[in-house]
Amino acid sequence: MNKKWAVKRLTINLTSSEAEKLEKYCSSTGRPATDIIRELIRSLPTEDEE
């Protein structure tokens, strides 16, 4: 599978509890934060889907 490299890099600010929650989730699933965040973004509804 070919990986598509990012066209745009984002920096986000998280609270301590948000960062901790993300780290725990990543640790329990064995997946990197980037994958989790991309998955969450892809799950957002768009105007095309409505």
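**View 1. Glu-20 and Lys-24 lie four residues apart in helix α1, which means that about one helical turn separates them.** In this predicted model, the side chains of the two residues meet in a salt bridge, with a distance of 3.1 Å from N to O. Glu-20 counts as partly exposed, because its relative accessibility is 41%. Lys-24, at 55% relative accessibility, counts as exposed; the cut-off for that class is over 50%.

**View 2. A salt bridge joins the side chains of Glu-39 and Arg-31.** The N to O distance in this pair is 2.7 Å. Glu-39 has a relative accessibility of 42% and therefore counts as partly exposed. Arg-31 has a relative accessibility of 29%, so Arg-31 also falls in the partly exposed class. That class covers values between the limits for buried, under 20%, and exposed, over 50%. A search of the whole structure finds two salt bridges.

**View 3. Leu-10, Ile-12 and Leu-14 make a nonpolar patch on the surface.** The area of the patch is about 300 Å². One of its residues, Leu-14, is placed in the segment before α1, the helix that spans residues 16-29. Leu-14 counts as partly exposed because its relative accessibility is 40%. A residue needs over 30% relative accessible area to be part of a patch.

**View 4. Residues 8-43 are listed by UniProt as "domain: Ribbon-helix-helix protein CopG".** The listing comes from an unreviewed entry. Over residues 8-43 of the model, helix accounts for 67% of the chain and strand for 0%. The C-alpha atoms at the two ends of this stretch are 19 Å apart.

**View 5. The whole chain has two helices and zero strands.** One of the helices is α1, residues 16-29. The chain has 50 residues, and buried residues make up 4% of them; buried here stands for under 20% relative accessible area. The accessible surface of the chain comes to about 5,300 Å². Carbon and sulfur atoms hold 53% of that surface.

Note on methods:
Residues numbered from 1 in each chain as written. Predicted model: local features only at pLDDT ≥ 70, side-chain atom pairs only at ≥ 80, totals over all residues. Heavy atoms only, no water. Patch = residues over 30% accessible without salt bridge, like charges linked within 9 Å, V, L, I, M, F, W, Y side chains within 5 Å. Areas by Shrake-Rupley, 256 points an atom, 1.4 Å probe, with all protein chains shown as cover. Salt bridge = Lys/Arg side-chain N within 4 Å of Asp/Glu carboxyl O. Buried < 20%, exposed > 50% of the residue type's maximum accessible area, 1.4 Å probe, protein only. UniProt positions renumbered as here; feature names shortened; annotations may be inferred.
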